[in-house]
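Let's work through a few short exercises together. Have the sequence and the model open, try each task yourself, and then read on for the solution.

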Amino acid sequence: MDLELRGIRKEFPGVLANDDVSLVARSGKVLALIGENGAGKSTLMNVLSGLYRPDAGEILLDGVPQNFHDPGAAIAAGIGMVHQHFMLVQIFSVADNVVLGVEPTTVGGVMDRKRARAEVREISQRYGLAVDPDAIIEELPVGIQQRVEIIKILLRGAKVIVFDEPTAVLTPQEVEEFFGIVAELKSNGAAIIFITHKLKEALAIADDITVLRSGKVVGHADPATATPEELASLMVGRDIDLSVDKAPAKPGATVLELSEVTVTDDYGRKLLDSVSMTVAGGEIVGIAGIQGNGQTELVQAITGLLPVETGKVLFQGRDVTKLNPRKLHQAGIAHVPEDRNHMGMVGSFSLSENLILDSYYSDQFSKGLQLNRGAIQESALALVQAYDVRPPNIDNTGDALSGGNAQKMIVAREFSRDVPLVICAQPTRGIDVGSIEYIHEQIVLKRDEGKAILIVSTELDEIFSLADRILVMFDGEIVAERLTSETTPTEIGLFMAGNRS
Ligand SMILES: Nc1ncnc2c1ncn2[C@@H]1O[C@H](COP(=O)(O)OP(=O)(O)OP(=O)(O)O)[C@@H](O)[C@H]1O
Ligand SMILES: [Mg+2]
């Protein structure tokens with residue numbers, strides 16, 4: 001089925017999120033939809049899937065105008081959307097999730113589990129999506145959960161399939177598999193819309209590329225001939241330098257030291273296995289590893305979110321192993337968390353409130369028992385401008401920010417603190433190339449001011465462009481350490497896959 005969007009307009013108070021947007025996605029083809037943070041990609045897809053009503057414009061399927069009053073109508077017409085944040089019931093089985101809302105029933109009206117399982121099996125086989133219908137969602141890796149979402153929309157007869165940043169949370173291996181699934185969907189005639197900030201992926205997988213900027217279509221590119229640099233400048237309207245300029249590090253005194261830190265889960269499995277490492281002032285240490293090898297727990301153990309069982313954490317020579325997160329924060333640790341929606345911000349708070357979330361009690365922002373509104377506003381405005389958080393209205397709520405702009409706001413808040421240690425987990429996940437350039441520059445600036453920087457990233461490119469020293473985590477352990485100047489992505493990739501140094 002071919003999809004055409006014609007002149008779509010969608011306005012939020014004060015923001016024209018989609019301005020006369022037209023595009024075409026053809027059966028058996030992949031259309032990549034790219035654009036900077038807040039360009040209007042997710043909004044457009046929410047219009048397509050019936051979550052938002054457009055203020056103007058038309059949706060046509062095989063040339064026939066549609067009118068989606070709600071998501072149910074869009075699904076019935078063959079639109080399937082895989083959201084970035086999966087919408088699965090964690091404690092249900094795969095089969096139960098897949099048929100939720102369209103359960104096959106027996107004559108007596110009871111859910112027909114046997115048929116549900118058979119349908120899951122049939123679709124997984126047809127599309128090469130190996131998934132066990134009886135597995136419980138919360139026990140499955142993200143890549144498999146994504147397949148469950150795909151099976152779910154296929155079962156509902158999706159012919160136009162939208163993926164909103166599907167690869168942001170996948171391991172490199174899972175990305176390969178995902179590309180295979182997309183190829184299968186294509187050959188079965190689906191029209192696919194693929195949203196991504198990873199320009200190399202867009203070039204690798206798309207048949208066509210449409211670029212949005214400030215709510216408008218600003219161009220198209222042919223993946224056969226375009227380069228990442230061309231796409232980047234189409235997206236942001238200026239040239240982007242995708243490499244990071246930095247002088248060699250001049251490491252000073254050790255700021256953070258872990259010695260033999262071990263953390264086990266409720267079942268006695270070691271999440272962190274005798275981890276020892278240091279980060280000095282004036283250097284950027286990058287933790288490389290495939291998601292799920294203890295990086296999350298490492299950051300949680302350092303920031304007090306996860307109790308350390310044995311071993312020690314020293315911060316500026318002082319034992320901080322038992323301190324709670326607020327004490328550690330006050331001691332001088334900035335933290336950009338991995339899970340920004342749950343841990344980084346409060347959606348119902350305004351931007352200015354979110355920007356002082358963890359420092360409202362400081363002298364800068366309070367006078368005795370009163371908050372100093374003037375100072376808070378002034379600081380919020382400056383941060384929003386410096387980090388290009390859009391729209392720059394500090395009275396808007398966090399919920400109204402696009403995914404990448406929310407991340408920029410959190411980075412702005414944490415980087416504005418003048419503290420000796422900055423920990424960034426996935427600092428640029430979901431962020432467009434223009435803002436990545438800026439955030440990377442800020443990280444290097446902090447280093448050159450003498451701060452200790454710890455970066456955790458599943459993007460090997462990011463580790464290589466930022467880190468001065470690389471540690472590789474595998475299965476809860478640090479399995480290798482290299483100076484960035486003395487190693488290669490291939491060598492680090494082997495350690496990530498479990499090879500030992
Ligand atoms: N519910 C909402 N209320 C108010 N404004 C909104 C709402 N949803 C989105 N916006 C605004 O609409 C614009 C487009 O947002 P959208 O989420 O579509 O961007 P995006 O292209 O998906 O960006 P990202 O790459 O960061 O995910 C942004 O300025 C955003 O702040
Ligand atoms: Mg989005």
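**Exercise 1: a hairpin**

Which residue in S2 does Glu 11 stand opposite?

Before we start, keep in mind that this is a predicted model. First, find the two strands: S1 covers residues 3-12 and S2 covers residues 15-25. They pair in the antiparallel sense, over seven bridges. Now look across from Glu 11, and you'll land on Leu 16 in S2. Last, check the connection: S1 and S2 form a hairpin with two residues between them. Gly 14 sits in that turn and has a positive phi of about 80 degrees.

**Exercise 2: an open sheet**

Work out the order of the four strands in the open sheet, and find which strands stand at the edges.

Start with the order, which reads S12-S11-S14-S15, with antiparallel pairing. Strand S12 (270-280) and strand S15 (318-319) each have a single partner strand, so one side of each is left without a neighbour in the sheet. That puts S12 and S15 at the edges. Now zoom in on one pair: S14 (residues 310-315) is joined to S15 by two bridges. Within this pair, Leu 314 stands opposite Asp 319 in S15. As background, strands of a sheet pair through backbone hydrogen bonds.

**Exercise 3: a helix under cover**

How many of the eight residues of helix H9 are buried, and which are they?

Go to residues 295-302, where H9 lies. Take buried to mean under 20% relative accessible area. Six of the eight residues pass that test, so the helix is mostly covered by this cut-off. The buried ones are Gln 295, Glu 297, Leu 298, Val 299, Ala 301 and Ile 302. Step just past H9 and you'll meet Gly 304, with a positive phi of about 85 degrees.

**Exercise 4: two surface patches**

Find which residues gather in a patch of negative charge on the surface, and which form a nonpolar patch.

Take the charged patch to begin with: its residues are Glu 229, Glu 230, Asp 241, Asp 245 and Glu 441. Pick out Asp 241, in the loop between helix H8 (228-236) and strand S11 (254-264). Its relative accessibility is 38%, so Asp 241 counts as partly exposed.

Then turn to the nonpolar patch, formed by Ile 91, Phe 92 and Leu 100. Together they have about 260 Å² of accessible area. Leu 100 is in the loop between helix H3 (94-99) and helix H4 (113-127). With 34% relative accessibility, Leu 100 counts as partly exposed.

**Exercise 5: backbone angles in loops**

Where is Ser 214 found, and where is Asp 475 found?

Ser 214 is in the loop between strand S9 (208-213) and strand S10 (216-221). Its phi is near 45 degrees, a positive value in a residue other than glycine. Ser 214 is partly exposed, at 47% relative accessible area.

Asp 475 belongs to the loop between strand S21 (469-474) and strand S22 (477-483). Here phi is near 50 degrees, again positive in a residue other than glycine. Asp 475 is partly exposed, with a relative accessible area of 47%.

**Exercise 6: a cis peptide bond**

Which residues does a cis peptide bond join?

Look for an omega of about -10 degrees, and you'll find the bond between Arg 390 and Pro 391. To place Pro 391, go to the loop between helix H13 (373-386) and helix H14 (403-415).

Definitions and conventions:
Residues are numbered from 1 along each chain as its sequence is written. Chains are lettered from A and ligands numbered from 1 in the order in which they are written. This is a predicted model: local features need pLDDT of at least 70, side-chain atom pairs count only at pLDDT 80 or more; totals for chains, interfaces and linings use all residues. Side-chain values use heavy atoms; hydrogens and water are left out. Patches are made of residues with over 30% relative accessible area and no salt bridge: like charges are joined within 9 Å, nonpolar side chains (Val, Leu, Ile, Met, Phe, Trp, Tyr) within 5 Å. Accessible areas come from the Shrake-Rupley method with a 1.4 Å probe; for residues, only the protein chains shown count as cover. A salt bridge is a side-chain nitrogen of Lys or Arg within 4 Å of a carboxyl oxygen of Asp or Glu. Lys and Arg count as positive and Asp and Glu as negative; His and the chain ends are not counted. The place of a charge is taken as NZ of Lys, CZ of Arg, CG of Asp or CD of Glu. Buried means under 20% relative accessible area, exposed over 50%, partly exposed in between (1.4 Å probe, protein chains only). Two strands pair if DSSP finds at least two bridges between them.
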